[in-house]
Amino acid sequence: MTLRHHTARFFSICLVGAVALCAQGALVPSAWAQPLRVGVAGAPKTLNPALAADAAGARLLQLTHPALLQWDAQFQPQGLVAERCTVATPTRVACTLPSDKMFTSGTPLTATAVAGWLQQVQANARSPLAGGWRDVSITAPTATTLEFALPAPNLGFISTLVETPLADPAAPSFGAGPYVATHLEATGVVALTPSPTQALPTLQFIPLADATTRVLKLQQGELEVLVHDLPPTLVRYAQAQAASRGWQVQAVPSSSYSYLALNFRNPVLAEASVREALSLGLNRPLLRKALLNNLAQPATSLLPPGHPALWAAPEDPFDPFTAAGLLDDTQLPDGRTLLLGPDGTRLTLTLLTSTEAFSQRLAQAIQAAWAELGVQVNLQSAEWATFHSRVQQGQFDVALLTWTGLQQPTFYHKVFNRTQTPPIGLNRGAVADASLDDLTARLLAAPDAAALTAVAQQVQRRVASVRPYLPLWRRDHVLVLGPAVRGCTMGLSGDYRGLLACRSATR
């Protein structure tokens with residue numbers, strides 16, 4: 001079975017910089033006299049291509065360290081660094097590389113070099129990517145051919161080829177994209193410098209946690225672009241100012257999935273009736289309207305909208321009466337009940353969030369909603385690095401999180417199989433459900449796409465029943481361009497590759 005790819009078209013759009021792998025060629029004079037300054041909510045935790053697991057880091061690595069494959073508009077794999085990859089047998093995959101590609105370090109991008117890097121990832125016990133490479137034999141029979149021998153049939157291995165950033169094994173800070181990360185300042189500013197063969201601007205990603213500050217800096221000409229994490233009031237303000245200030249505002253549907261992660265290590269949250277009650281205690285339509293001005297859609301599945309394997313779970317209704325009854329009837333394994341105490345409290349939970357202002361407002365709304373059920377919520381916030389570390393270590397009862405990107409069916413194994421607690425996988429809430437263990441294991445062993453889809457839909461139904469996550473919404477991606485720049489776009493996954501199409505407004 002040959003994977004669909006569009007390499008010829010891919011290379012043909014180098015001039016607008018819409019993808020990461022343009023062929024090497026003559027020097028191209030830059031049309032950009034100054035860096036393009038991009039305002040973002042937070043800095044990446046790391047730019048180490050073997051370790052980055054947060055959205056900010058992953059999005060930047062797409063510009064510096066693209067993978068062998070990428071997903072096309074129909075969620076099929078197509079060539080990126082690789083010209084093509086072919087599933088020769090259920091346990092053997094072969095990828096063909098271009099013969100003249102270089103890492104940005106200047107080292108030739110050969111199959112031997114790529115295999116060396118992938119073997120480093122495979123051996124790195126701290127890497128969230130290592131699980132996808134477990135027991136895979138990685139060889140380079142020729143300078144342009146990579147071969148992967150799998151321990152068992154695994155259609156999900158294609159996702160691993162999409163998700164693993166490639167780096168020069170001798171100098172991992174260099175990848176195969178059009179940019180090199182030149183520095184990560186103490187302030188969190190990341191500068192990406194383009195290859196001299198690319199007519200692209202230097203990009204500066206400037207983290208400013210306060211959204212109002214980002215808008216003011218755009219207004220004052222200190223930023224040219226804003227991406228993501230603008231509250232509805234500021235989106236409306238930007239739209240109102242667009243004509244007079246020469247701004248362009250894009251609000252587009254997204255694949256991002258915002259949710260409350262529940263920690264099964266807490267014996268109360270390990271009870272299915274408690275998780276159902278907490279879900280029924282959330283008025284999601286009201287939250288979307290009040291907090292996001294309806295710039296969001298219900299989060300019905302981890303799979304992105306339009307995915308062929310998607311089963312759209314119905315959103316739990318707001319039903320506090322039923323929720324209270326479920327809590328009344330819950331008896332814990334140690335004999336305790338969750339009846340209302342004399343102070344009107346049944347139980348106390350901590351809700352962990354980042355320090356971002358919108359997250360704080362949402363957390364307060366959830367706190368108020370669950371208080372009506374007799375659930376006292378203690379809010380705990382932490383700056384991003386500490387927040388991410390605590391989530392990875394399972395140090396929370398409930399955590400407010402978002403998955404970004406274009407997830408595939410085998411992602412469910414990483415997040416819900418009990419063998420996948422960090423650092424091996426992404427089961428941060430220590431979800432333990434025998435049916436999910438079985439079904440997510442079957443995802444990895446599905447013999448063909450039809451079988452994968454069938455099992456994926458069973459998984460999604462089981463997730464809707466077990467409620468390891470309480471889904472909130474898919475928040476629209478927002479992109480605001482100042483008067484000096486045009487052409488930038490934002491896609492379903494919210495990645496930064498649309499910035500490669502930016503052009504100076506003066507050209």
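Two strands pair if DSSP finds at least two bridges between them, and the helices (H or I, at least four residues) and strands (E, at least two) named below are DSSP runs, numbered from the N terminus. The structure shown above is a predicted model, in which local features need pLDDT of at least 70, side-chain atom pairs count only at pLDDT 80 or more, and totals for chains, interfaces and linings use all residues. Residues are numbered from 1 along each chain as its sequence is written, and side-chain values use heavy atoms, with hydrogens and water left out.

The protein has 14 helices and 21 strands. Its radius of gyration, taken over C-alpha atoms, is 23 Å, close to the 23 Å that the globule rule (2.2 Å times the number of residues to the power 0.38) gives for 507 residues, so the protein is as compact as a globular protein of that length. Along the principal axes, the C-alpha atoms fill a box of roughly 75 × 60 × 35 Å.

We can begin with the sheets. Strands of a sheet pair through backbone hydrogen bonds, either parallel or antiparallel. An open sheet of six strands follows the order E14-E18-E13-E17-E15-E16, and its pairing is mixed. At its edges are strand E14 (296-297) and strand E16 (375-382), each of which pairs on one side only. Within this sheet, strand E13 (residues 257-262) and strand E17 (residues 398-403) run antiparallel and are joined by six bridges, and the bridge partner of Leu-262 is Val-398 in E17.

Helices lie against this sheet, where contact means heavy atoms within 4.5 Å. Helix H8 (residues 284-292) packs on the sheet and touches E14 and strand E18 (469-475), its direction making about 40° with that of E18; such angles run from 0 to 180 degrees between N-to-C directions, and axes are lines fitted to C-alpha atoms, for helices over the stretch in contact. Helix H11 (residues 384-392) lies across strand E15 (347-354), E16 and E17, and runs at about 130° to E15.

H8 also packs with helix H10 (residues 357-371), at an angle of about 145° and with the axes 11 Å apart. Here Leu-287, Leu-291 and Leu-292 in H8 meet Phe-358, Leu-362 and Ala-365 in H10. The residues of this contact divide into six nonpolar, no polar and no charged, where Ala, Val, Leu, Ile, Met, Phe, Trp, Tyr, Cys and Pro count as nonpolar, Asp, Glu, Lys and Arg as charged, and the others, Gly among them, as polar.

A further open sheet has four strands in the order E4-E5-E7-E6, with antiparallel pairing. Strand E4 (84-89) and strand E6 (137-142) stand at its edges with a single partner strand each, so one side of each is left without a neighbour in the sheet. From one strand to the next, the twist averages 25°. A hairpin through two residues joins E4 to E5, and five bridges link E4 with strand E5 (residues 92-96), the two running antiparallel. At the other edge, four bridges join E6 to strand E7 (residues 145-149), again antiparallel, and Ile-138 stands opposite Phe-148 in E7. Helix H3 (residues 111-123) lies across E6 and E7, running at about 175° to E6.

Finally, the axes of helix H13 (residues 434-445) and helix H14 (residues 449-466) come within 9 Å and cross at roughly 155°. That makes H13 roughly antiparallel to H14, since angles over 145 degrees count as roughly antiparallel, under 35 as roughly parallel, 65 to 115 as roughly perpendicular and the rest as oblique. The residues of their contact divide into nine nonpolar, three polar and two charged.
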